[in-house]
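Welcome! Please take a moment to look over the sequence and the 3D structure below, and then we will walk through them together.

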Amino acid sequence: MARGWESKSVEQQMESAQAETNPSQDTPTDAQKMARREREGLLLARSRVKQQLESSTNEVYRQSLQHALSELDEKIEKLSG
C-alpha cells in the first residue's frame, strides 16, 4: 500500500515540475476567467429555463420563460462575441 501512495506522490511531483518548466502561453487572465465563469453560469441558467419551459403547461409562465430564455441568449451572445 505504501508503494501506491509513493507512486502517486512521484506522479504529482512530475506533473508539478512539468507545469513549472512549461508555462502555458495561453494562460487566461483574471478577466477571461471571470467571463468564462459568467458564460458557464448563463449556460446553466439557460438549460434550467429550457427544461422548465418544456415541462410547463401554464401559458403565462411559458411566456415568462420564453422572455427569460431570450434575455439569456442575448447575454451569452454578448460574452461570446
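## Two helices and what lies between them

The largest nonpolar core is built from 7 residues: Leu42, Val49, Leu53, Leu65, Leu69, Leu72 and Ile76. Both helix 2 and helix 3 give at least two residues to this core, and helix 3 provides the largest share, with 4 residues. Keep in mind as you explore that this is a predicted model.

Let us take the helices one by one. Helix 2 runs over 30-55 and helix 3 over 59-80. With 26 residues at 1.5 Å a residue, helix 2 should span 38 Å, and its end C-alpha atoms are indeed 38 Å apart. Its buried residues are Leu42, Val49 and Leu53. Helix 3 is part of what covers these buried residues of helix 2.

Helix 3 has 22 residues, and the distance from its first C-alpha to its last is 31 Å, close to the expected 32 Å. Which residues of helix 3 are buried? They are Leu65, Leu69, Leu72 and Ile76. Viewed down the axis of helix 3, these buried residues fall within an arc of 70°, so they line one face of the helix. A simple rule helps here: an α-helix has 3.6 residues a turn, so residues three or four places apart point the same way. The buried residues of helix 3 pack against helix 2, while the face turned away from the buried side carries the exposed residues Val60, Glu77 and Lys78.

Leu69 gives you a good place to zoom in. Leaving out residues up to four places away in sequence, Leu69 touches Arg46, Val49 and Leu53.

Arg46 also takes part in a salt bridge. The side chains of Arg46 and Asp73 meet at 2.4 Å, N to O. Arg46 sits in helix 2 and Asp73 in helix 3, so this pair ties together parts that are 27 residues apart in sequence. The count of salt bridges in the model comes to 1. Are these two partners buried or partly exposed? Arg46 is partly exposed, with a relative accessible area of 24%, and Asp73 is partly exposed too, at 30%.

Now move to the loop between the two helices, where you will find Ser56. Why does Ser56 count as buried? Its relative accessible area is 12%, and buried means under 20%, so Ser56 falls on the buried side of the cut-off. Setting aside its neighbours within four places in sequence, Ser56 is in contact with Tyr61, Arg62 and Leu65.

One of those partners, Tyr61, belongs to helix 3. Tyr61 counts as partly exposed, at 37% relative accessibility. Not counting residues up to four places away in sequence, Tyr61 touches Gln52 as well as Ser56.

Here are some polar atom pairs from this part of the model, with their distances.

| One partner | Other partner | Distance |
|---|---|---|
| Ser56, polar side-chain atom | Asn58, backbone nitrogen | 3.5 Å |
| Asn58, side-chain oxygen | Val60, backbone nitrogen | within 3.0 Å |
| Tyr61, side chain | Gln52, side chain | 3.5 Å |

Notice that Asn58 appears in two rows: its backbone nitrogen pairs with the side chain of Ser56, and its side-chain oxygen reaches toward Val60 at the start of helix 3.

Notes. Residues are numbered from 1 along each chain as its sequence is written. This is a predicted model: local features need pLDDT of at least 70, side-chain atom pairs count only at pLDDT 80 or more; totals for chains, interfaces and linings use all residues. Side-chain values use heavy atoms; hydrogens and water are left out. Buried means under 20% relative accessible area, exposed over 50%, partly exposed in between (1.4 Å probe, protein chains only). A polar contact is a pair of N or O atoms within 3.5 Å; within protein, one must be able to donate a hydrogen and the other to accept it, and residues adjacent in sequence count only if both atoms are side-chain atoms. Contact means heavy atoms within 4.5 Å. A salt bridge is a side-chain nitrogen of Lys or Arg within 4 Å of a carboxyl oxygen of Asp or Glu. A nonpolar core is a set of buried Ala, Val, Leu, Ile, Met, Phe, Trp, Tyr and Cys residues joined through side-chain atoms within 4.5 Å. The expected span of a helix is 1.5 Å times one less than its number of residues. The arc is that of the directions from the helix axis to the C-beta atoms.
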